[in-house]
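Open the model in your viewer and keep the selection panel at hand. The tour goes stop by stop.

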Amino acid sequence: MEKSSEKNKGFVREFMDFLQTFGVVGLAIGFVIGVASSAVVNSLVKDLINPIVGLVLPTGNLSSLNATITSPVSGKPSVFLYGDFISQIIYFVIIALVVFIMYKQLKRMGLTKM
């Protein structure tokens, strides 16, 4: 019975050391903040940037831009949604910029190890 109790304490202590060594709690917090900021940036691109850019486009919205090409072999159309692709690139650039700014701030405060 005592061996089992010592083994559990060892496991719990080992698990706590793992959490502290690898910063799992900080990683989890960063993940949650990342998901939340991702939703905000997604809304920014979809609800604000796309319609603003769409003011100068004939379709009225960036994400709705597409090109349809009919296959000469089968005669079936293929739709290329390049407007949505451009929206995703804008989304990625904004997320990368936010991460870079956060990194610069953490580095300035001396909280990064890189």
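## Whole chain

Color by secondary structure and start at the N terminus: the elements run α-α-β-β-α. That makes three helices and two strands. Keep in mind that this is a predicted model.

Now show the surface. The accessible area is about 9,400 Å², and carbon and sulfur atoms own 70% of it. Color by burial next. Of the 114 residues in the protein, 10% are buried. For contacts, take those with a separation of 6 or more: 31% of them join residues 24 or more positions apart.

## The hairpin

Select residues 67-70 and 77-80. These are strands β1 and β2, paired in the antiparallel sense over four bridges. Which residue of β2 stands opposite Ala-67? Label Phe-80 to see the partner.

Then go to the turn. Six residues lie between the strands of this hairpin. Pick Gly-75 among the residues of the hairpin and check its backbone: phi is positive, near 80 degrees.

## Helix α3

Select residues 82-108. Helix α3 has 27 residues. Put a distance between its first C-alpha and its last: the helix reaches 39 Å, close to the 39 Å expected at 1.5 Å a residue.

Which residues of α3 are buried? Show Gly-83, Ser-87, Tyr-91 and Ile-94 as sticks. Add residues 24-54, helix α2: the buried residues of α3 pack against α2. Then step past the end of α3 to Gly-110, where phi is again positive, near 80 degrees.

## Asn-50

Stay with α2 and select Asn-50, which sits in that helix. Is Asn-50 buried or exposed? Its relative accessibility is 3%, under the 20% cut-off, so Asn-50 counts as buried.

Show what surrounds it. Beyond its neighbours within four places in sequence, Asn-50 is in contact with Val-45, Asn-61, Leu-62, Ser-63 and Ser-87. One of these has come up before: Ser-87 is among the buried residues of α3.

## A nonpolar patch

Bring the surface back. Select Leu-44, Leu-48, Ile-52, Val-53, Leu-55 and Val-56. Together they make a nonpolar surface patch of about 590 Å².

End on Val-56. Where does Val-56 lie? Val-56 is in the loop between α2 and β1. Its relative accessibility is 70%, over the 50% cut-off, so Val-56 counts as exposed. Put Val-56 and Asn-50 on screen together to finish: Val-56 is exposed, whereas Asn-50 is buried.

How values were computed
Residues numbered from 1 in each chain as written. Predicted model: local features only at pLDDT ≥ 70, side-chain atom pairs only at ≥ 80, totals over all residues. Heavy atoms only, no water. Expected span 1.5 Å × (residues − 1). Buried < 20%, exposed > 50% of the residue type's maximum accessible area, 1.4 Å probe, protein only. Contact = heavy atoms within 4.5 Å. Pairing = 2+ DSSP bridges. Patch = residues over 30% accessible without salt bridge, like charges linked within 9 Å, V, L, I, M, F, W, Y side chains within 5 Å. Areas by Shrake-Rupley, 256 points an atom, 1.4 Å probe, with all protein chains shown as cover. Salt bridge = Lys/Arg side-chain N within 4 Å of Asp/Glu carboxyl O.
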